[in-house]
Amino acid sequence: MKKFPEIEDNVHTIINVEIMAVGCSLIDKNLKLDDAWVLLTGYDEPVIPNGTNKKIISRLRILFAQHSGQAIWEKDINEYFQIPKKYRLIEKNSNGSISFISPRFDPNRKDEYEKILVDPIPRVPINLEYAKAGNFYYSRMKENELHRYVGTIPDSWGEYCKPLQAYRNKKSIDFDLSFNWLEIAKEMDQILGENITTWQNKVKPIQFLSRKGNKIFKYDGIQHIGGGLASGKSTFKTVNTYWLVKKKGAKVGILEENVAQVLERVKELKSLGINAVPIIGKSGRRKYLEKYLLSFQFQSFTDFSSNEILSHFSDVCVIQSLVDDLNEDGAVNYPCKSLNHGKDMKKRMCPLAHLCGIYKDWTKLNDAEVWVTTPGAVLHSRIPANIDPLERLIYEAMYDLLDVIFVDEADQVQKGFDEAFMEEHSAFGDSRHLVEKLLQQLNEKVDGKYYLADNNLLTIWKKNLEHLKECVWNLYGALLKSPHIHNFIKNEVIYLNYLIFHISKEISKKDEHQIQVEEIMREFVRESFFSSVGNSEERLHGLINVSSLKDKRKLITEWISKVGGEIKEDSYKLYSKIELFVYLSHIERAMKWIIEYYPIVHQYFDSKVEVPLLRQIKDFRPFMKEAMTGVMLGYRYETKDGSNIGEFKILQYLAIGRQLLNHWANVYEFADDKKGPSIILLSGTSYAPKSLHYHLETEPQWYIKSSKSTSELKQFFIEIRDPTNGEKLVPVSGVKQGFQRDQNLKTIVQELSRKIESELNYWKDVGEYRRVLLVVNSYDDVKTVGDILERSQLWKGRYRLLSQNDQNDNIWFPRSQIEQFASEPEDLLVAPMLAISRGYNILDKNGIGALFGTAFFLIRPYPVPNNLSYFVQILHGSLPLYFKRVKDEGLKYAQAMRKIRSLSRRRFELMYQKPDFWSILDEKEKTILSWYTFIPTWQLMGRLLRGGKNARIYYCDAKFIDKGNASLSMLDYWAKLMSENEEDPLFASLYGPFMKSIKNIEKVGLY
């Protein structure tokens, strides 16, 4: 079709629309082409009726991974039907349906489209040769200049890496619940040495139980296993891994919480004769190395040079070392597939992966029996072409090549997967930010190069970026001219949906009319392309083109009248908000266009600008649900003290990340007909009924118990009264940030001093040397508490503060060394709850039981105000309820998707607007918040109960028992969560010590 000048620029549009039309006809004859965009949102039942051909849908999603979005599709469809009929395959009928016609040119292309959609879409391996020994060179941009590097590969170094296979058939494996795991443990002990019973002792107390009386456990699909504190989850995982590898010939993956745990797991497995390989992401390796060096005590240079673990942290590319390209500019640009020989311009792959500091471990994946990695590396790390010709992400390679994957702390991994598709980054307002760098990149490419003017894609890209630049300029002009706009958004997060909601309420008092105005404004956002401005003096888009205040007010007044709104006498603030809405609408549409098209257009540029989340969403988009609100951007305007102008950051919410965990076992099956691995989810807190943050989609059908006696937990609320304020109980949480909050926290610490000392004496009296933990909410709080302890003679030399940045001195103690705190002499540690609540075994000097015996919770835990992650996880947890509503109302396709988006946006807006004061939350909101605060609190208590030890907990903040206008306080709600589930054996096994203790919580004084 490109041979016809009349449609040369429309070929891509023709193919896209026609393939989609053919796909719709194969899926559902009644599905309108105008509604086809809904197929690309990733939502299946009930949005797409049950029984539709998911294979066709999956392939459409792959083909159009970079071409989703309602506005983009509507634009393409409109463009398509303006093309002369003789070139078109489809005609649109008056009722919105389509019919296929026989085009004059390429009349058989419908059959070709059908073949594309019916057959599985294979991965395409990269087709590059390896570079040979001898001279080579490569080029890369460095400080905006193209640099050429020349070197030589020695003859003796040539050893090509065996590429990873494309797919490995999955093994069918199961075991009977009566299986004697003690025999496997005995075999493991024999490998460790004579008279060793370590694994036998660990396995003996473990009981593996079915919630439904099943007798066979099958490694298939998603299997969720619950297990409380010290129940033996880690032992179960290791013993199972040994059995799977050595007895069943399986390949196994393990996800650990952090890099330190990855290396410990690899060390443990290697000691058992298992070929285990760590997969550590290439970014941040130097940081991991520094933390390891801080936490490991080397006795000699021999210890240092023989330490195998250090090699796993290398970030040195062997090719760059040969040419002295040391990345001083901070750019991570490895030449894995960009080597040249002589005058030959053909790119070749690096043959030295087996020697590479970065990828040496990864070359061992082919032969490895176990892959051990972190959730972050799974989603973000890509295997280079010289190891994997398919250049898969670790997530994809694990799906294709492993039989079983164990996911520890599954609820935390779910949260991490969700947050992986939410990101905050610097967008514009400085030459180092995204928009400014994209503009610079464009100028370098096109300035004075008019022979590129016939490149349609570059032309549109140029127009979009120049339009974005103009809108950003106008936005800053409004900020400088309008103190109201400046103060309205200063250091706040603003979402377009919030502005829409807010403006509709200001111009209309009727609920029904407000909803109509909101939809008009959303349609405005959808059509806010650079092409919508033009000479539109009579439309609100025309604000982009006018500069006088009089003309702006005229356009806004006409728009308010047109939508049937009311104009108040004091309308200045409303007009300012509408002007802000217009600029942000055009900025948002332009930013989304960048997200959509940069993967295609960047091929024309010599330098590459990193667009956050872009590569990641590109890989996963066909296989996951897009954001429930539709792709959403938030805008944070940050200003420094004393400055009247600031910088904009953008918060992106792109997709439902948890789906990649909950459907990992079959996520690619419809696309390529290939079965995935069995996913084993393990956690002590992933079963949390009514929690929208921690409860997993697949409820546990199995759980692990220990026959050992459980730890005893004692809980107290300690009444701390302010001697300077009428002896009132002292609150911290909910007190506005600033002097008074800090002062209240200091008062609590001052009044607690003798009580802390008595707790240390309590543990000495019972024959244990246990320490005390002061728990706060942030590192700023740690510093505030430290200010008081520093002035106290009683605590001089007896306390340490946990450091965020691994500062290590007489006061600060590095977080990376927290597991070695037993070797320190101090009695007291001050730490933020979330910094140590998971992933650490803080044991005594003997490594047997918990080091800390008492924890004082100085501040009631509470979510950060307007926390995007908190809001989004509530939305994700609510999706099953929205699905039920859609199903009950009989909605499908676009109607169903619009309903889900409407419900999600409304919920988000209400959460965003409503202050999260405990006293004004309804019961459902309090239940959600109670779970959100309880789980990390319980996780931290778990650090004190390790090794079967007992623990004592003191709640100090008056807000723990404050009911406000409500009937129950947060502590009451925690007790309520326990009592509602106490008959559930699984629940009791997970939270037993807390469940028993909260019933008998005591209110005590300081003395």
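Helices here are DSSP runs of H or I with at least four residues, numbered from the N terminus. The model in these close-ups is a predicted one.

**View 1. The largest cavity and what surrounds it.** This void takes up about 540 Å³. It has 32 lining residues, and Arg589, Lys592, Gly630, Val631 and Arg905 sit closest to its centre. Helix 21 (572–601) is on show here, and helix 21 gives the most to the lining, with 5 residues. Other elements that each bring at least two lining residues include helix 3 (70–80), helix 18 (496–507), strand 17 (632–638) and helix 29 (893–913). Sort the lining by class and you get 14 nonpolar, 7 polar and 11 charged residues.

**View 2. The second largest cavity.** The structure holds 4 cavities of 30 Å³ or more, and the second largest offers about 80 Å³ of space. Among the residues around the second largest cavity are Cys317, Cys336, Cys350 and Cys356, along with Tyr334, Tyr359 and Asn386. By class, that lining comes out as 11 nonpolar, 1 polar and no charged residues.

**View 3. Helix 19 against helix 21.** Both of these helices also supply lining residues to the largest cavity. Their axes run 8 Å apart and make an angle of about 45 degrees, so the pair counts as oblique. On the helix 19 side, Met521, Phe524, Val525 and Arg526 do the touching, while helix 21 answers with Phe581, Val582, Ser585, His586 and Arg589. The contact splits into 5 nonpolar, 2 polar and 2 charged residues. Arg589 may look familiar: it is also one of the residues closest to the centre of the largest cavity.

Notes:
Residues numbered from 1 in each chain as written. Predicted model: local features only at pLDDT ≥ 70, side-chain atom pairs only at ≥ 80, totals over all residues. Heavy atoms only, no water. 1 Å grid on protein atoms, 1.4 Å probe; cavity = no way out; pocket = protein on both sides within 12 Å on 5 of 7 lines; lining within 4 Å. Points joined across faces, edges and corners; volume = space filled by probe spheres on them. Nonpolar A, V, L, I, M, F, W, Y, C, P; charged D, E, K, R; others polar. Axes fitted to C-alpha atoms, helices over the stretch in contact; angles between N-to-C directions. Parallel < 35°, antiparallel > 145°, perpendicular 65-115°, else oblique. Contact = heavy atoms within 4.5 Å.
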